[in-house]
Amino acid sequence: MSLSEFPASIIPSPEVSHALKAAAPVVALESTVITHGLPYPENLQLAQDMETEVRRQGAIPATIAVLDGQARLGLDSAQLERLARLSGARKISARDFAPAVAQRASGGTTVAGTLLIARLAGMRVFATGGIGGVHRAQAAQQFDISADLPQLAVSPLVVVCAGAKAILDLPATLEMLETLSVPVIGYQTGEFPAFYSRSSGLPVSARAESPAEIAAMARAHWALRLESALLVTNPPPPEAALPHEAVDAAIEQALAEANAQAIRGQAVTPFLLARVSELTGRASLRANLALLLNNARLASQTACALAETGPLNGATQ
Ligand code: PSU
Ligand code: MN
């Protein structure tokens, strides 16, 4: 789909529209972290810092969110401020778009929701903190798999993250990514990071040493007409990362509370992340902010490397 064929509900900013037409490097950024992940004003500061980091690396940031039923690609400063202050913001995954559009609602897009729009726009690189995945069996005493996983299977983008959220069942999440043919590429590591921590004891399926190598893998993947994402896992910076043990007890407690309070559905992930953050204090917030910026940087370098090597003739182009 070209930009001119966009549904009326998708509106790129002039800057993003121009960059996409020129095949300039663009990095998609999610917005649930703004509406549901961090309090005001830290959320606004973080969103601005991520955009600044993307620009510093020579790429154009495209924060994706829904305002009054319109999916925006690239927010101006007033729109970003409004999103950061929104009360009652919806958490918008792929299934939530149509109701949000029809009801002219506003909210943050999850990894799945952001991928949906980024794919339609022909974007190739996306930065986030950590993806959703398979929840631990005790999390809600029920079957719970994030829509992020099936959306990764059908979205040809490089998704840079610090692994999956540590509240999840990481071995099961990796198995599911394997089933969905999503390469899990460790950036300068052979180990799958665990969001706040640099290690999980679990292996990735490949490793890359540079943005150029990531770009080469992406090209080869899409040249094979595979439609899935490549998940690049970037460990949090050593100075901000937390040891496993520092987080594990907080996760156990948060899971028990979610259980006791019968938290269900899309409320599970924001509840668990907020509780872990409260229980571990400033340290986890610091790690979270540091890894988000770290991911924005690597995503931008990858977008530049992809743009330098010419147009993509992947399956969706
Ligand atoms: N960051 C947060 N809170 C969140 C999320 C990110 O601090 O809730 C979102 C991400 O956007 C991710 C989503 O895609 O949680 C996964 O939620 P679920 O498990 O309901 O699919
Ligand atoms: Mn769920």
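**Exercise 1.** How many nonpolar, polar and charged residues does the shell around ligand 1 have?

*Solution.* The model is predicted, so local features need pLDDT of at least 70 and side-chain atom pairs count only at pLDDT 80 or more, whereas totals for chains, interfaces and linings use all residues. Residues are numbered from 1 along each chain as its sequence is written, chains are lettered from A and ligands numbered from 1 in the order in which they are written, and side-chain values use heavy atoms, with hydrogens and water left out.

Step 1: collect the shell, taking a residue as near if one of its heavy atoms lies within 4 Å of the molecule; 13 residues surround ligand 1, and the closest are Lys-91, Val-111, Ser-146, Asp-148 and Thr-269.

Step 2: sort by class, where Ala, Val, Leu, Ile, Met, Phe, Trp, Tyr, Cys and Pro count as nonpolar, Asp, Glu, Lys and Arg as charged, and the others, Gly among them, as polar; the shell has three nonpolar, six polar and four charged residues.

**Exercise 2.** Find the partners of the oxygen atoms of ligand 1 in Val-111, Ser-146 and Thr-269.

*Solution.* Step 1: apply the cut-off for a polar contact with the ligand, a pair of N or O atoms within 3.5 Å.

Step 2: read the distances; a backbone N or O atom of Val-111 lies 2.9 Å from a ligand oxygen atom, while a side-chain N or O atom of Ser-146 is 2.6 Å from an oxygen atom of ligand 1, and for the side chain of Thr-269 the value is 2.6 Å.

Step 3: add the burial; by the Shrake-Rupley method with a 1.4 Å probe, ligand 1 taken alone exposes 470 Å², of which the protein buries 92%.

**Exercise 3.** Locate the salt bridge of Glu-53 and state what it ties together.

*Solution.* Step 1: search for a side-chain nitrogen of Lys or Arg within 4 Å of a carboxyl oxygen of Asp or Glu, which over the whole structure gives 10 salt bridges.

Step 2: pick out Glu-53, whose partner is Arg-297, with the closest N and O atoms 3.0 Å apart.

Step 3: place both in the helices (DSSP runs of H or I, at least four residues, numbered from the N terminus); because Glu-53 lies in H3 (residues 42–56) and Arg-297 in H12 (residues 282–308), the pair ties together parts 244 residues apart in sequence.

Key: A polar contact is a pair of N or O atoms within 3.5 Å; within protein, one must be able to donate a hydrogen and the other to accept it, and residues adjacent in sequence count only if both atoms are side-chain atoms. Helices (H or I, at least four residues) and strands (E, at least two) are DSSP runs, numbered from the N terminus.
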